[in-house]
Amino acid sequence: MAPVRILNPYEPDREDIHEAIRVLKQGGLVVYPTETFYALGADVLNEGALASLFATKGRGFHQPIALIGGSEEDVRLIAEAISEEARRLMTAFWPGPLTLLFAASHAVSPRLTAGTGKIGIRISSHPVARALARTLGRPLTATSANLSGTGACNTVAEVMDQLGRHNLLFLDGGRTPGGMGSTILDVTVKPARIVRAGAMDRSTIEPIVSLAPDEIQDRA
């Protein structure tokens, strides 16, 4: 049976976090809670782990994978540049469910960008997700913990129904809020453009930066 660690989602035990980091550094995958749904985490610098993530989800390499970081240092690792506009958004809305899409640096695996040259990242407002990224010292993947093409999961039981046959570490922080996933905002263009509508709505973002007219409202 896949290992499951029950933890306090508000104050996760350091031992649980360090066990998850051990798994990540060895190329394993970790299921963990975020402020929306459960995510499937892999070390972004481990190509083997990334290949395993795609295989576990049954996901095609044509689909990009977003990340969760623990600090601005993580953004500098994966982003070619951080504009003043992006900094304003980071200050206003992080930690929170806003993923910013940057031009990817050379450190980012092509597996994660799906050939777009862009990479999405956010700092999560969930204590477990944030603790994982901070302790790992670099970003981890934040793709939903489910089989590709199925609905996102907000309990570990739901994730196990889909992915339980795989060798994963499950961090069970109880039911997550669910709802919509993070909003994805492309800050490589001006004005910035919402490429996936999500938990943070347009009216919340617009006082901080100008936004392009709605073109894509992908809620998948």
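Here is a short tour of the protein chain above, from its overall build down to two buried residues.

Please keep in mind that this is a predicted model. The protein chain holds eight helices and 11 strands, and 52% of its 220 residues count as buried. Five of the strands form an open sheet with mixed pairing, and much of what follows walks through that sheet.

**Overall build**

- For 220 residues, a compact globule would have a radius of gyration near 17 Å, and the protein chain agrees with that, at 16 Å.
- The C-alpha trace spans about 50 × 35 × 30 Å along its principal axes.
- Taking the contacts in the protein chain with a separation of 6 or more, 63% are between residues 24 or more positions apart.

**Surface and charge**

- The protein chain has an accessible surface of about 9,700 Å², and carbon and sulfur atoms make up 50% of that surface.
- There are 22 positive and 23 negative side chains, and the centres of these two sets lie 2 Å apart.

**The five-stranded sheet**

- Reading across the open sheet, the strand order is β1-β9-β2-β3-β8.
- The edges are taken by β1 (4-6) and β8 (143-144); each has a single partner strand, so one side of each is left without a neighbour in the sheet.
- At the β1 edge, β1 pairs with strand β9 (residues 168-172) in the parallel sense, over three bridges. Ile6 has Asp172 in β9 as its bridge partner.
- Strand β2 (residues 29-33) pairs with β3 in the antiparallel sense over four bridges, and a hairpin of four residues joins β2 to β3.
- At the β8 edge, β3 and β8 pair in the antiparallel sense over two bridges, with Ala39 opposite Ser144 in β8.

**A closer look at β3**

- In a regular strand the side chains alternate between the two faces of the sheet.
- Strand β3 (residues 38-41) has Tyr38 and Leu40 pointing one way and Ala39 and Gly41 pointing the other way. Buried or exposed? All of these residues are buried.
- Ala39 is also the bridge partner of Tyr32, a residue that lies in strand β2.

**A separate hairpin**

- Strand β10 (residues 183-186) and strand β11 (residues 193-196) pair in the antiparallel sense over three bridges.
- The hairpin that joins β10 to β11 runs through six residues.
- Across this pair, Ile184 stands opposite Arg196 in β11.

**Two buried residues: Tyr32 and Ala129**

- Tyr32 has a relative accessible area of 0%, so this residue is buried.
- The C-alpha atoms of Tyr32 and Val128 are separated by 7.2 Å, although the two residues are 96 residues apart along the chain.
- Ala129 sits in helix α6 (residues 127-136). With a relative accessibility of 0%, Ala129 counts as buried too.
- Which residues does Ala129 touch, not counting those up to four places away in sequence? The list is Tyr32, Pro33, Thr34, Ile68 and Ser124, and of these Tyr32 belongs to strand β2.
- Ala129 and Arg202 are 73 residues apart along the chain, and their C-alpha atoms are separated by 24 Å.

Conventions:
Residues are numbered from 1 along each chain as its sequence is written. This is a predicted model: local features need pLDDT of at least 70, side-chain atom pairs count only at pLDDT 80 or more; totals for chains, interfaces and linings use all residues. Side-chain values use heavy atoms; hydrogens and water are left out. The radius of gyration is taken over C-alpha atoms; the globule rule is 2.2 Å times the number of residues to the power 0.38. Buried means under 20% relative accessible area, exposed over 50%, partly exposed in between (1.4 Å probe, protein chains only). Contact means heavy atoms within 4.5 Å. Accessible areas come from the Shrake-Rupley method with a 1.4 Å probe; for residues, only the protein chains shown count as cover. Lys and Arg count as positive and Asp and Glu as negative; His and the chain ends are not counted. The place of a charge is taken as NZ of Lys, CZ of Arg, CG of Asp or CD of Glu. Two strands pair if DSSP finds at least two bridges between them.
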